[in-house]
Amino acid sequence: MDLEALKKEQLDLKKNLRLIDRLKVENIRYIAGVDLTYLDIWKNPTEGIACAVILDLKNCSEVVEIKYALKEVNFPYIPTFLAYRELPLVLEVTERLKNRVDVFMLDGMGIIHPRKMGIAAHFGVVRNCVSIGCAKSFLIGDYNEPKNEPMSYEILRIDGEKVGYVLRSKKNTKPIFVSPGNNITCETALEISMRCLNGYKVPEPTRLAHNYLQVYRKKLLAI
DNA sequence: GCGACAG
DNA sequence: ATCTTGTCGC
């Protein structure tokens with residue numbers, strides 16, 4: 001594969017990024033969490049499974065809709081090119097949702113990326129929707145360690161530019177990395193992510209998508 | 001050149 | 001990204 005060509009594609013997609021709030025925070029109500037796994041990551045790392053869960057932010061626990069999708073995954077995992085591996089399944093599963101979605105939350109980076117085109121930003125540009133990236137571990141950037149208390153956060157910068165936040169979602173737990181995908185600001189992405197926290201490291205939308213995936217996966221393996 | 005590196 | 005049990009800290 002030609003990674004240089006894909007880099008150019010990412011830089012081209014970047015021109016369509018809109019890092020301003022399309023929605024007022026008070027009007028954001030339905031948030032969809034998306035996650036992905038593989039049927040047998042060791043023997044068969046090519047059978048991907050995706051799950052999308054819509055939550056009502058009014059109580060942050062009422063599940064409005066759940067959808068799944070299965071698809072062959074051929075592109076390998078290469079840091080900074082995750083979208084080329086996972087986006088096809090993410091697009092497929094989100095297209096199956098019938099209910100209203102105000103914001104999509106993906107498991108991965110938004111603009112905390114060498115070319116500001118992490119999977120959440122890529123998805124947001126391709127779908128022209130509002131998206132947020134919530135990653136569980138570090139990829140790139142400079143930041144100070146947030147204090148060891150829930151809701152403590154610090155700015156993350158790349159080349160001196162603010163591109164997201166490092167958020168301590170839970171005490172004695174490594175922080176998560178929050179950044180805008182598309183059509184949203186760093187501040188709103190952080191605020192929405194914080195509002196979705198429910199005592200766990202991972203925000204409810206992607207946490208539930210991940211949990212439902214495990215159940216669905218075991219069900220498939222039992223057949 | 002070397003190391004680091006979302007899922 | 002998965003698996004699995006115990007163990008440790010709040």
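**Figure 1. Helix α5, residues 204-222, in a predicted model.** Let's start with a ruler check on this helix. At 1.5 Å a residue, its 19 residues should span 27 Å, and the C-alpha atoms at its ends are indeed 27 Å apart, so the expected and computed lengths agree. Which α5 residues are buried? At the start of the helix you will find Glu204, Pro205, Thr206, Arg207, Leu208 and Ala209 buried, and further along Leu213, Tyr216 and Arg217 are buried too.

**Figure 2. The largest pocket, with a volume of about 660 Å³.** Its lining is made of 32 residues, and those closest to the pocket centre are Tyr77, Leu82, Glu86, Asp107 and Gly108. Helix α5 appears again here: along with β1 (30-40) and α2 (82-95), α5 gives two or more residues to the lining. If you sort the lining residues by character, you get 18 nonpolar, 9 polar and 5 charged.

**Figure 3. The protein surface around DNA strand B.** Here 17 residues surround the strand, and Tyr77, Met109, Lys136, Ser137 and Phe138 come nearest. By character, this surface divides into 9 nonpolar, 5 polar and 3 charged residues. Looking from the DNA side, 50% of the strand B atoms within 4 Å of the protein belong to sugar or phosphate, and the rest belong to bases.

**Figure 4. Polar contacts with bases and phosphate of DNA strand B.** What does Met109 offer to a base nitrogen of the strand? A backbone N or O atom of Met109 sits 2.9 Å from that nitrogen. Phe81 also has a polar backbone atom facing a base nitrogen, at 3.4 Å. Ser137 uses its side chain, with a polar atom 2.7 Å from a phosphate oxygen.

Key: Residues numbered from 1 in each chain as written. Chains lettered and ligands numbered in written order. Predicted model: local features only at pLDDT ≥ 70, side-chain atom pairs only at ≥ 80, totals over all residues. Heavy atoms only, no water. Helix = DSSP H or I, 4+ residues; strand = E, 2+ residues; numbered from the N terminus. Expected span 1.5 Å × (residues − 1). Buried < 20%, exposed > 50% of the residue type's maximum accessible area, 1.4 Å probe, protein only. 1 Å grid on protein atoms, 1.4 Å probe; cavity = no way out; pocket = protein on both sides within 12 Å on 5 of 7 lines; lining within 4 Å. Points joined across faces, edges and corners; volume = space filled by probe spheres on them. Nonpolar A, V, L, I, M, F, W, Y, C, P; charged D, E, K, R; others polar. Near = heavy atom within 4 Å. Polar contact = N/O pair within 3.5 Å; in protein donor to acceptor, adjacent residues only side chain to side chain.
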